[in-house]
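Colleague: Got a minute? I'd like to walk through this one with you.
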Amino acid sequence: MLATLKHYSRIYILIEAQYIKARMQYRADFIISSIGMIFSNVVSVVVFWVLFQTVPLLAGWTFPEILFIYGFYLLAVSPAQIFFDHIWSLRWHLIEGTFIKYYFRPLNMMFYYMSEVFDLKGLAQVIIGISVLVYASIQLHIVWSFWRIISLLVALFGASLVVISLLTIASSAAFWFMNAYPILSLAFKLREYSQYPMTIFGAFFRILFTYLIPIGWIAFYPSQIFLRPSEASWTVYLSPLVGIALFILAYRIWLWGVDGYTGTGS
Amino acid sequence: MKRYLHLTKNTYMVGLVWRFNAIFTVLSNLFYIVVIYFLWKNIYGSQATLREMTFPQTFIYLALTSSLFVVFKTFVDWQISRDIISGVITMDLIKPLDYQVSVLFRSAGFMLVQLTLIALPTLVILLVVFHAQMPIGINLLFFAISLVLAYLLSFMIDYMVGLTSFYTQSLWGISTAKEIIVLVLSGALIPIRFFPDALRNVLVYLPFQAIYNAPISILTDPILRTPDYLNMLGIQLLWVIAILVISRLFYAQAIKVLTIAGG
């Protein structure tokens with residue numbers, strides 16, 4: 001187990017080192033893309049700021065608390081952005097038959113496929129996420145003890161698995177429908193709504209976003225551990241397990257699709 | 001004119017092929033509408049009005065701007081960028097047609113597909129499920145004119161973003177930044193009345209509010225009267241002319257650096 005992990009880490013670093021070298025030929029692209037990324041991340045802060053000019057509370061939450069949830073959200077979606085960005089091309093590889101090549105390496109196929117893209121502009125998202133989280137923590141007087149940082153990392157790990165799983169399931173639809181772009185882009189939009197407190201929704205949508213399309217576990221539920229722990233239900237501590245369970249499900253669906261793919265015949 | 005209309009007809013037919021996409025786009029837009037419904041319901045709480053707008057007014061305004069955003073998003077910038085990078089643009093340049101006008105009429109075909117497949121079902125759902133209400137009268141006529149002007153503005157901004165591919169092939173960043181600037185400053189994410197006064201006084205002079213705020217306000221705001229409509233249309237028209245001149249000048253500059261690798 002440990003030897004396999006070491007082996008895969010080494011391969012991943014080798015692949016990404018080459019990839020980053022190749023991307024750095026387009027330095028302007030990296031800078032412009034990062035600026036685009038920063039814009040798309042800062043917009044929510046602006047929107048919340050304008051809203052809080054009119055009302056003091058949103059569903060009982062203060063501006064710094066909403067910012068904390070948003071910072072958590074940005075960090076939770078970053079691993080999917082950085083390490084799993086290749087899911088957007090899956091449909092093309094399936095339609096054109098180039099997906100066949102991934103069957104011929106002695107590596108885990110999901111690992112090999114996803115390792116082909118390392119999204120550099122996602123790093124800008126991490127920086128914005130950390131800045132928002134730090135700013136909100138200062139406003140809220142949250143003390144970051146050693147154990148609290150560890151629990152933040154564990155919570156973020158679970159939350160990022162939820163995002164990765166939802167996007168993987170949506171893009172795996174391409175194994176059956178070929179053009180799964182609309183499904184993937186719907187999942188991507190839904191992911192964005194996880195920055196809002198789930199308590200704003202009515203019963204139907206709260207149940208939907210908790211159990212069926214579990215975007216509540218991306219930011220709102222896990223951030224309860226840090227925001228108002230005394231008011232939080234014990235279930236929020238299960239969020240890492242939700243992430244792991246969902247990822248197992250997503251991986252099964254991916255494998256199911258991979259096993260059934262027959263190529264294009266060329 | 002007839003030559004250009006053929007372009008519109010052709011892209012309209014091609015666009016209809018993507019019906020499967022349209023279902024998901026409608027669904028995606030409906031989820032967004034649900035989110036803004038609950039979000040703003042919470043913001044209003046027990047208050048009847050905020051910034052002189054009632055909850056139903058704010059809700060219908062935001063639901064319609066988001067639908068209009070989907071209709072206007074015809075990926076003109078991506079199409080131009082792809083044509084420039086692959087060199088296909090030469091096929092357009094050798095035709096005896098104006099490049100900008102050809103792209104406009106093609107985009108219009110796609111826009112009309114989105115209007116029929118996405119905006120109309122959404123509007124029906126808004127009226128039936130959410131019991132949305134809007135004033136019906138002379139404003140519909142002004143709305144139609146305003147919609148055309150708004151589309152022209154939105155198109156020309158996308159067109160210029162596409163032309164940047166003559167200089168850099170990094171469209172994603174520029175297109176994303178443009179989209180967000182337009183969404184925020186046009187009042188598509190939050191009605192312009194909710195912005196702090198100092199900011200709002202600047203926003204009304206920028207071209208962005210003419211894209212979403214002007215047509216949707218004309219359609220939904222019951223306070224506005226004919227002089228207000230004419231005033232808003234006048235501002236829209238001024239911006240259309242100004243941006244048209246800028247985009248023509250930009251094209252004249254950008255085309256000079258075009259190099260196509262053989263072929």
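**Pocket, interface, cavities**

Modeller: Sure. Start with the second largest pocket: α11(B) gives the largest share of its lining, six residues. Keep in mind that the model is predicted.

Colleague: Which other elements give two or more residues to that lining?

Modeller: Besides α11 (226-254), they are α3 (55-72) and α10 (213-220), again of chain B.

Colleague: How much space lies in the second largest pocket?

Modeller: About 630 Å³. Its lining counts 23 residues. V204(B), Q209(B), N213(B), S217(B) and M232(B) lie nearest the centre.

Colleague: And the lining by class?

Modeller: Twelve nonpolar, seven polar and four charged residues.

Colleague: Switching to the interface. How many residues does each chain bring to the contact?

Modeller: Chain A brings 34 residues and chain B brings 32 residues.

Colleague: What area is buried between chain A and chain B?

Modeller: About 3,100 Å². Carbon and sulfur atoms give 82% of that area.

Colleague: Which residues of chain A lose the most area to chain B?

Modeller: T54(A), L186(A) and Y193(A). Together they make up 16% of what that side buries.

Colleague: Why quote an area at all for interface size?

Modeller: Because the size of an interface is often given as the accessible area lost when the parts come together.

Colleague: How many salt bridges across the interface of chain A and chain B?

Modeller: The rule finds zero. For polar contact, it finds two residue pairs across the interface, both at pLDDT 80 or more.

Colleague: Which helices on chain A supply at least two residues to the side that touches chain B?

Modeller: α2 (27-54), α9 (181-192) and α10 (203-212) of chain A. α2(A) gives the most, with 15 residues.

Colleague: What's that side like by class?

Modeller: The side of chain A that touches chain B has 24 nonpolar residues, seven polar and three charged.

Colleague: New topic, enclosed space. How many cavities of 30 Å³ or more?

Modeller: The count comes to two. The largest cavity holds about 50 Å³ of space. The second largest holds about 40 Å³.

Colleague: What lines the largest cavity?

Modeller: V77(A), A80(A), Q81(A), F84(A), D85(A), I87(A), W88(A), L167(A), F188(A) and R191(A). α3 (63-83) and α9 of chain A are the elements that give two or more residues there. α3(A) gives the most, with three residues.

Colleague: Classes for the lining of the largest cavity?

Modeller: Seven nonpolar, one polar and two charged residues.

Colleague: And which residues line the second largest cavity?

Modeller: I87(A) and W88(A) are on this list, along with L90(A), R91(A), S171(A), A174(A), A180(A), Y181(A) and L184(A). Here α4 (90-96) and α9 of chain A are the elements that give two or more residues.

Colleague: How does the lining of the second largest cavity divide by class?

Modeller: Into seven nonpolar, one polar and one charged.

Colleague: Remind me, where have I met α9 of chain A already?

Modeller: In three places. At the interface, α9 (181-192) of chain A supplies at least two residues of the side that touches chain B. α9 of chain A also gives two or more residues to the lining of the largest cavity. The lining of the second largest cavity gets two or more from α9 of chain A as well.

Technical notes
Residues numbered from 1 in each chain as written. Chains lettered and ligands numbered in written order. Predicted model: local features only at pLDDT ≥ 70, side-chain atom pairs only at ≥ 80, totals over all residues. Heavy atoms only, no water. Contact = heavy atoms within 4.5 Å. Buried area = accessible area lost by both parts, 1.4 Å probe. Salt bridge = Lys/Arg side-chain N within 4 Å of Asp/Glu carboxyl O. Polar contact = N/O pair within 3.5 Å; in protein donor to acceptor, adjacent residues only side chain to side chain. Helix = DSSP H or I, 4+ residues; strand = E, 2+ residues; numbered from the N terminus. Nonpolar A, V, L, I, M, F, W, Y, C, P; charged D, E, K, R; others polar. 1 Å grid on protein atoms, 1.4 Å probe; cavity = no way out; pocket = protein on both sides within 12 Å on 5 of 7 lines; lining within 4 Å. Points joined across faces, edges and corners; volume = space filled by probe spheres on them.
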